[in-house]
Amino acid sequence: MRAWWNGLARREQRMVAAGAMFVALMLGWAFVWHPLVVKRTELREEIDAQQRDLAFVRVAAADVDRLRSTGKQGRRDRQGRSLLALADATARTAGLEGALKRVEPVGTTSVRVTFEVARFDALVAWIEGLTRDYGIEAVDFSADRADGVGLVNARVTLQDAP
């Protein structure tokens, strides 16, 4: 290689050296600089997406806090009624008075409500209303099909949410 280099004229040596430097610069750009620039752009786009996600989560967290406080507010609206009395009264106002057969305490913070030939849609709406308005959870639910379209025999265990 040295013999070949020494065999070149001064001008040819400069041209080969300049070409080698140009090739080295292009290889450095292609294998080092350009991938770094591309990765930096991708990371900036990822940061932007994560900042949008964070903003969405913060708004959703504020909604959750608002809804949670609404649920807590609803619990205060029970006007001193026990869970037993509240379950009975709300089932009757939800149009389940004919299907309501029994409301019995299960423990200090839960009651079991039994329905026969109840409209399933009205039953689910009643449970959803108890959760939304009073913070009461259905911790156990079982239903069997009754004679008729959309009718069930059901047992629901309700409990005050913590």
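Student: I should like to start with a single residue and work outwards, so where in the chain does glutamine 13 lie?

Tutor: In this model, which is predicted, glutamine 13 lies in helix α2, the helix that takes in residues 10-76.

Student: And how should I read its surroundings: is glutamine 13 buried or exposed?

Tutor: The idea is to ask what share of a residue's area remains accessible, and a residue counts as buried when that share is under 20%. Glutamine 13 has a relative accessible area of 10%, and therefore it is buried.

Student: Which residues is glutamine 13 in contact with, once its neighbours within four places in sequence are left aside?

Tutor: With those neighbours left aside, glutamine 13 is in contact with Trp5, Asn6 and Leu8. If we turn to tryptophan 5 and read its contacts in the same way, leaving aside neighbours within four places in sequence, we find Gln13, Val16 and Ala17. Tryptophan 5 itself is found in helix α1, which covers residues 2-6.

Student: How many aromatic pairs are there?

Tutor: For such a pair, the ring centres must lie within 6.5 Å of each other, and the angle between the ring planes then decides the kind of pair. The count by this rule comes to three aromatic pairs. One of them joins tryptophan 4 and tryptophan 5, with 6.5 Å from centre to centre and 55° between the planes, and this pair is tilted. Tryptophan 4 has a relative accessible area of 47% and is therefore partly exposed, while tryptophan 5, at 32% relative accessibility, also counts as partly exposed.

Another of the pairs is formed by phenylalanine 120 and phenylalanine 141, which are likewise 6.5 Å apart centre to centre but have 65° between their planes, an edge-to-face arrangement. This pair links distant parts of the chain, since phenylalanine 120 is in helix α4 (residues 120-134) and phenylalanine 141 is in strand β3 (residues 136-145), 21 residues apart. Phenylalanine 120 is partly exposed, with 34% relative accessible area, and phenylalanine 141 is partly exposed as well, with 36%.

Student: What pattern do the helices and strands follow along the sequence?

Tutor: A pattern of this kind is read along the sequence, and for the protein chain it is α-α-α-β-β-α-β-β. In the protein chain there are four helices and four strands.

Student: Could we look at one residue in a strand, and what does threonine 157 touch?

Tutor: Threonine 157 has its place in strand β4, residues 151-160. With a relative accessible area of 9%, threonine 157 falls under the 20% cut-off and so is buried. Not counting residues up to four places away in sequence, threonine 157 touches Ser110, Val111, Arg112, Glu137, Ala138, Val139 and Asp140.

Student: What is the phi of valine 117?

Tutor: Phi of valine 117 is near 55°, and the point to notice is that this is a positive value in a residue other than glycine. Valine 117 is found in strand β2, residues 110-119, and it is partly exposed, with a relative accessible area of 49%.

Student: How can I judge the overall shape, and what radius of gyration does the protein chain have?

Tutor: One way is to set the chain beside a compact globule of 162 residues, for which a radius of gyration near 15 Å would be expected, whereas the protein chain has 37 Å. Along its principal axes, the C-alpha trace spans about 110 × 40 × 25 Å. Two separations, taken from C-alpha to C-alpha, help to picture this span. Tryptophan 5 and serine 82 are 77 residues apart along the chain, and their C-alpha atoms are separated by 101 Å. Alanine 89, which lies in helix α3 (residues 83-96), is 50 residues from lysine 39 in sequence and 63 Å from it in space.

Student: What share of the residues counts as buried?

Tutor: Of the 162 residues in the protein chain, 22% count as buried. The accessible surface comes to about 11,800 Å², and 58% of this belongs to carbon and sulfur atoms.

Key. Residues are numbered from 1 along each chain as its sequence is written. This is a predicted model: local features need pLDDT of at least 70, side-chain atom pairs count only at pLDDT 80 or more; totals for chains, interfaces and linings use all residues. Side-chain values use heavy atoms; hydrogens and water are left out. Rings of Phe, Tyr and Trp (its six-membered ring) pair if their centres lie within 6.5 Å; planes under 30 degrees apart count as stacked, over 60 as edge-to-face and the rest as tilted. Buried means under 20% relative accessible area, exposed over 50%, partly exposed in between (1.4 Å probe, protein chains only). Helices (H or I, at least four residues) and strands (E, at least two) are DSSP runs, numbered from the N terminus. The radius of gyration is taken over C-alpha atoms; the globule rule is 2.2 Å times the number of residues to the power 0.38. Accessible areas come from the Shrake-Rupley method with a 1.4 Å probe; for residues, only the protein chains shown count as cover. Contact means heavy atoms within 4.5 Å.
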